[in-house]
Amino acid sequence: FFQAEDGIRDRDVTGVQTCALPIYVTKSVCMVVTPTGTGTGFMVYCGKSAAYIITNAHVTKGVAIAKQGIIVLFDRGTLTMPARLLQTDPKKDLSLLVCQLKQERPFLKIASVKPIIGDDVCVIGCPLAIPEILTFGRVARNYNLNVFEDMDPMLVLNVTSGPGNSGGPVINTHNEVVGILTGAFKDIPGLSVAISAETLKNFLKKCIDIPSNCTEYSLIKIK
């Protein structure tokens with residue numbers, strides 16, 4: 001079950017998730033447009049004048065650090081603004097963006113508890129440049145795939161994804177981020193791969209100073 005604005009809603013008789021996520025969750029997610037394509041991103045912190053957005057490194061491939069060249073679209077494309085690439089780690093497949101805001105926006109909390117096999121999750125993304133597409137599934141495996149050298153532990157999800165979903169948040173039933181979608185199995189339809197929240201936290205610690213009380217909106221320092 002997922003927590004919606006008006007409480008917790010059940011599944012229908014077909015087993016399809018019928019609830020809606022809180023508005024602040026979807027408002028934290030954006031489409032990321034680069035010269036080479038599109039992906040998904042989400043805000044991990046928002047100050048009074050700037051928002052910090054996480055996406056995949058392969059989404060921002062070819063964009064230079066501290067240079068313009070990225071556009072982020074919030075609210076189904078009705079709010080568009082330029083963004084800069086602050087930091088990227090191709091091995092972890094993570095990039096941190098920053099954009100200037102005229103007003104504060106909600107951001108997503110990163111989960112402190114690791115997901116276990118069978119946990120319900122929701123992935124929010126922009127497949128084929130269609131904003132705010134929600135797909136529901138479960139954690140199928142939580143371990144190191146050993147596909148790439150020095151790769152951090154990842155999640156395997158029985159969630160369908162497509163081009164443009166990369167960088168989208170994997171949300172648990174408490175509306176917290178437990179992973180970042182990074183790809184799918186080419187020969188196994190319906191299975192996707194996500195970077196763990198632990199890896200995301202370690203990446204952010206190297207990039208920015210986030211206040212311990214992340215419920216307060218205040219500026220953060222770039223390292």
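Which residue in β14 is the bridge partner of Ala184? In this predicted model, that position is taken by Ser192. The pairing belongs to a wider arrangement in which β13 and strand β14 (residues 192–196) run antiparallel to each other over five bridges.

The chain as a whole contains two helices and 16 strands. Of its 223 residues, 48% are classed as buried. Among contacts between residues at least 6 apart in sequence, 56% link residues at least 24 apart. The exposed surface amounts to about 11,100 Å², of which 56% is contributed by carbon and sulfur atoms.

Strand β13, spanning residues 177–184, is mostly covered, with six of its eight residues buried. Besides its pairing with β14, β13 is joined to strand β12 (residues 169–171) in the antiparallel sense by three bridges. Within this pair, Ile180 of β13 lies opposite Pro169. Five residues separate the two strands of the β12 and β13 hairpin, in which Asn175 adopts a positive phi near 60°.

In soluble globular proteins, nonpolar side chains tend to be buried together. The largest nonpolar core here comprises 46 residues, and Phe42, Ile54, Val72 and Leu96 touch the most other members. Leaving aside residues up to four places away in sequence, Phe42 touches, among others, Tyr52, Ile53, Ile54, Leu108 and Leu200. Its contacts also include Pro169, Val177 and Ile180, and Pro169 and Ile180 are the residues that stand opposite each other in the β12 and β13 pairing. Apart from the largest core lies another, of 11 residues, including Leu157, Val170, Val178 and Ala194.

Note on methods:
Residues numbered from 1 in each chain as written. Predicted model: local features only at pLDDT ≥ 70, side-chain atom pairs only at ≥ 80, totals over all residues. Heavy atoms only, no water. Core = buried A, V, L, I, M, F, W, Y, C linked by side-chain atoms within 4.5 Å. Buried < 20%, exposed > 50% of the residue type's maximum accessible area, 1.4 Å probe, protein only. Contact = heavy atoms within 4.5 Å. Helix = DSSP H or I, 4+ residues; strand = E, 2+ residues; numbered from the N terminus. Areas by Shrake-Rupley, 256 points an atom, 1.4 Å probe, with all protein chains shown as cover. Pairing = 2+ DSSP bridges.
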